[in-house]
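Student: Could you walk me through this one before I set anything up? I'd like to start with how the terms are used.

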Amino acid sequence: MPIYKKVVDLCLGSSDLSFYCFIADRTQADPVVRFRDRWTAYEKMAEQLVLASIQSPTIVSVLADNYSTPDEILFEEELRAGVNRRLNRLAVLNVVRLDSKSTDGLQIVDLLTSAAVFEFRANAGLASATSDKGALAKYVRDVLGVDSLLSGWRQGPHSVQLYGHGRWDGSSESGDLVVH
């Protein structure tokens, strides 16, 4: 636990790191139903996360957790093209999917995302807030300066947003997310 807390302190205390995540409660608004399959849902949510995190004129490389897809799903190409099209410039140079255990950056993302999701699991009665994971989730919220993430939250370079169908602009044929 002391090592995890030190990692949280270093990462969330750094001005060079931003943390953005979406949480989808599939009993409330299921992105898989909205986009007809889990691969498109993953791609569209990833696209919005990348859009939210890029500061102009930055050009980024995206390291994404490896999510098994059929051969005809071109996640890397579609994510890159979608972000660049929406920003009308070269913003994403490349996208690489990696096993999360292969890079420290993805391990940190897993740690922070798990901490954010844990509160939702505990609130649904699926986990104990008094467990070690519950203590770490509370520690992350304390470092972020927020009592709860259950309603979403954004401050400075960090954001936890809740997915909801009503936040997707139905007029868009491509299914682009428009945050209102």
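Tutor: Let us fix one term before anything else: a residue is called buried when its relative accessible area is under 20%, exposed when that area is over 50%, and partly exposed in between. Please also keep in mind that this is a predicted model.

Student: OK, so which label does Glu119 get, buried or exposed?

Tutor: Glu119 is buried, because its relative accessible area is 10%, which is under the 20% limit.

Student: What does the side chain of Glu119 meet in a salt bridge?

Tutor: The partner is Arg141, and the N to O distance between the two side chains is 3.8 Å. This pair links distant parts of the chain, since Arg141 belongs to helix 6 and Glu119 to helix 5, with their positions 22 residues apart in sequence. Arg141 is buried as well, with a relative accessible area of 11%.

Student: How many salt bridges does the structure hold?

Tutor: There are six salt bridges in the structure. Some of them share partners, and in that way Lys44, Glu47 and Arg86 are joined into one network.

Student: And what about Arg97, where is that?

Tutor: Arg97 sits in strand 3, and it counts as buried because its relative accessibility is 18%. It forms a salt bridge with Glu76, in which the closest N and O atoms are 2.9 Å apart. Here too the pair links distant parts of the chain, Arg97 being in strand 3 and Glu76 in helix 4, 21 residues apart.

Student: Is Glu76 buried or exposed?

Tutor: Neither word fits, because Glu76 has a relative accessible area of 23% and is therefore partly exposed.

Student: What else does Arg97 touch?

Tutor: If residues up to four places away in sequence are not counted, Arg97 touches Ala64, Asp65, Asn66, Tyr67, Thr69, Phe75 and Glu76. With Thr69 there is also a polar contact between the side chains, at 3.4 Å.

Student: Let's go to helix 4 then. Why does its end-to-end distance look right?

Tutor: Helix 4 runs over residues 75-87, which is 13 residues, so at 1.5 Å a residue it should span 18 Å, and its end C-alpha atoms are indeed 18 Å apart.

Student: Which of its residues are buried?

Tutor: In helix 4 the buried residues are Phe75, Leu79, Gly82, Val83 and Asn84. Among the elements that cover them are helix 3 (38-53), strand 2 (60-65) and strand 3 (92-98). As general background, an α-helix has 3.6 residues a turn, so residues three or four places apart point the same way.

Student: Asn84 is a polar one on that list. What does it touch?

Tutor: Leaving aside residues up to four places away in sequence, Asn84 touches Arg89, Leu90, Ala91 and Val92. It counts as buried because its relative accessible area is 12%. The C-alpha atoms of Asn84 and Thr113 are 25 Å apart in space, while the two residues are 29 places apart in sequence.

Student: And what follows helix 4?

Tutor: Helix 4 is followed by Asn88, which has a positive phi, near 55°.

Student: Switching topic: how many residues are in the largest nonpolar core?

Tutor: That core has 19 residues, and those with the most contacts inside it are Val8, Leu12, Val140, Leu149 and Val160. Helix 1 (2-12), strand 1 (19-23), helix 5 (104-123) and helix 6 (132-144) each supply at least two of its residues, and helix 5 gives the most, namely six.

Student: What does Leu12 touch?

Tutor: Not counting residues up to four places away in sequence, Leu12 touches Leu17, Phe19, Leu112, Val140, Val143, Leu144 and His158. There is also a second, separate core of 12 residues, which includes Ala46, Val62, Leu79 and Val95.

Student: Last one, where is Arg26 found?

Tutor: Arg26 lies in the loop between strand 1 and helix 2 (31-35). Its side chain meets that of Asp30 in a salt bridge, at 3.1 Å from N to O, and Asp30 is buried, with a relative accessible area of 13%. Arg26 also touches Pro31 and Val32, again not counting residues up to four places away in sequence. Finally, Arg26 and Gly164 are 138 residues apart in sequence, yet their C-alpha atoms are 9.4 Å apart in space.

Key: Residues numbered from 1 in each chain as written. Predicted model: local features only at pLDDT ≥ 70, side-chain atom pairs only at ≥ 80, totals over all residues. Heavy atoms only, no water. Helix = DSSP H or I, 4+ residues; strand = E, 2+ residues; numbered from the N terminus. Expected span 1.5 Å × (residues − 1). Buried < 20%, exposed > 50% of the residue type's maximum accessible area, 1.4 Å probe, protein only. Contact = heavy atoms within 4.5 Å. Core = buried A, V, L, I, M, F, W, Y, C linked by side-chain atoms within 4.5 Å. Polar contact = N/O pair within 3.5 Å; in protein donor to acceptor, adjacent residues only side chain to side chain. Salt bridge = Lys/Arg side-chain N within 4 Å of Asp/Glu carboxyl O.
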